[in-house]
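Biologist: Hi, I'd like to go through this one with you, slowly please. I'll keep asking how you know things.

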Amino acid sequence: MNALEQILSAWPWLRTAFDALSIIVPLAALFVFAGMGFISATARILADTRGRSAFEKCSRQLAFLGMMVGWILLVGGRVWLHFTRGIYVPGSVSAYFLEMSWLLLSLGVMLSSVYYTLWRILRNLPILHATIGMISAAQSCFSAVAVLGTARLLAALALPEATSGAGLQNLLPEDLSSPLWTAAVCTVPLFFALPAAAGALWLPFRRKRDDFGRDYYNAMIPWCAAWARNAWAVLWLAILAFTILRVSQAFEGDGISSQEAILESTRLLLWLIPVLLWTLVRRSAVALRHRATLAVALVLAMCFMLPYYLDLTGF
């Protein structure tokens, strides 16, 4: 750890990149794990209602991805708690909420593991199996919300005025144009967009191990891409609505500069790119050739985690 600190201190740009990735990657993985159960369970239901085995295969592949990401988060979170003594002080309020978040996350991981493990046993009971998947997904989303709420609380406790209670009063600002409310509204579509985006990229990479035929992948990859596109479109509309609200309030107040207007417009256009990329994959008859497109779309979606986290925890 000391060697890493020395390297980061010698290269400031490397520290900036490391700090950004330490937020982007774990947070994106948290959303992938949290929402994967919903998409997998939906595919499990469609396999029964539509009589297509492709959905059952896709459901199992996505369930495995969600379970694997969950275990990585669980173990990585425990290791992080062990080494972050500056935040995790035994007996403190922060330690209590961190432990509760980790326990809730462990329950979600256990349920997702049960969902995947019972695949062969409940093969002839798809509705029961899908119900278990939905329950595990609901618990996983609840644990993700607990983690996000803990991050918000820790940011409040870190403020100098937290000792007087003033910092905690701003946990839920009354102003609807606050970045916190933008992040809160974006949370729900993120539970569907990021898992679907990861799943769309995961399927072609599993082809060497699970070769179900070209037709299967050319059908299921666009299906996952459609989930990601639709959820991200809802997210983008939410950002658009809150941006219009902030700009209108700025015009009523001191006004808004042209530079700020250009920055807001550029930000909106940037977050629209993933929708266009997933639409391209969705309409393609040879989705297997769009691995690079899916990778770029996923990376851009993951980059959204940094401003999302700053809006969620910023005061």
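Biologist: Which residue forms a salt bridge with Glu-99?

Modeller: That's Arg-78, and keep in mind that this is a predicted model. The closest N and O atoms of Arg-78 and Glu-99 are 2.9 Å apart. A salt bridge needs a side-chain nitrogen of Lys or Arg within 4 Å of a carboxyl oxygen of Asp or Glu, so the pair of Arg-78 and Glu-99 qualifies. The two sit in distant parts of the chain, with Arg-78 in helix α3 and Glu-99 in helix α4, 21 residues apart.

Biologist: What makes Arg-78 "partly exposed"?

Modeller: Its relative accessible area is 29%. Buried means under 20% and exposed means over 50%, so a value in between gets called partly exposed.

Biologist: How many salt bridges are there by this rule?

Modeller: The count comes to two. Glu-56 and Arg-123 also meet in a salt bridge, at 3.6 Å from N to O. That pair links distant parts of the chain too: Glu-56 belongs to helix α3 (residues 53–83) and Arg-123 to the loop between α4 and α5, 67 residues apart.

Biologist: Why is Glu-56 called buried?

Modeller: Glu-56 has 14% relative accessibility, and the cut-off for buried is under 20%, so the label fits. Its partner Arg-123 comes out at 37% and counts as partly exposed.

Biologist: What about cysteines? How do you know that Cys-58 has no bond to Cys-224?

Modeller: The sulfur of Cys-58 is 4.2 Å from the sulfur of Cys-224, the closest cysteine sulfur. A disulfide needs the two sulfurs within 2.5 Å, so this pair is too far for a bond. By this rule the total is zero disulfides. Cys-58 is also buried, at 0% relative accessible area, while Cys-303 is partly exposed at 32%.

Biologist: What puts the buried residues of α10 on the same side?

Modeller: Those residues are Thr-293, Leu-294, Ala-297, Leu-298, Leu-300 and Ala-301. They cover an arc of only 160° around the axis, so they lie on the same side of α10.

Biologist: And which residues make the nonpolar surface patch?

Modeller: Val-93, Tyr-96, Phe-97, Met-100, Leu-103 and Leu-157 make it, with about 540 Å² in total. Helix α4 (residues 93–117) gives the largest share, five residues, and Leu-157 lies in helix α5.

Biologist: Why can Leu-157 count towards a patch?

Modeller: Leu-157 has a relative accessible area of 35%. Patch residues need over 30%, so Leu-157 passes that cut-off.

Terms used. Residues are numbered from 1 along each chain as its sequence is written. This is a predicted model: local features need pLDDT of at least 70, side-chain atom pairs count only at pLDDT 80 or more; totals for chains, interfaces and linings use all residues. Side-chain values use heavy atoms; hydrogens and water are left out. Patches are made of residues with over 30% relative accessible area and no salt bridge: like charges are joined within 9 Å, nonpolar side chains (Val, Leu, Ile, Met, Phe, Trp, Tyr) within 5 Å. Accessible areas come from the Shrake-Rupley method with a 1.4 Å probe; for residues, only the protein chains shown count as cover. Helices (H or I, at least four residues) and strands (E, at least two) are DSSP runs, numbered from the N terminus. Buried means under 20% relative accessible area, exposed over 50%, partly exposed in between (1.4 Å probe, protein chains only). The arc is that of the directions from the helix axis to the C-beta atoms.
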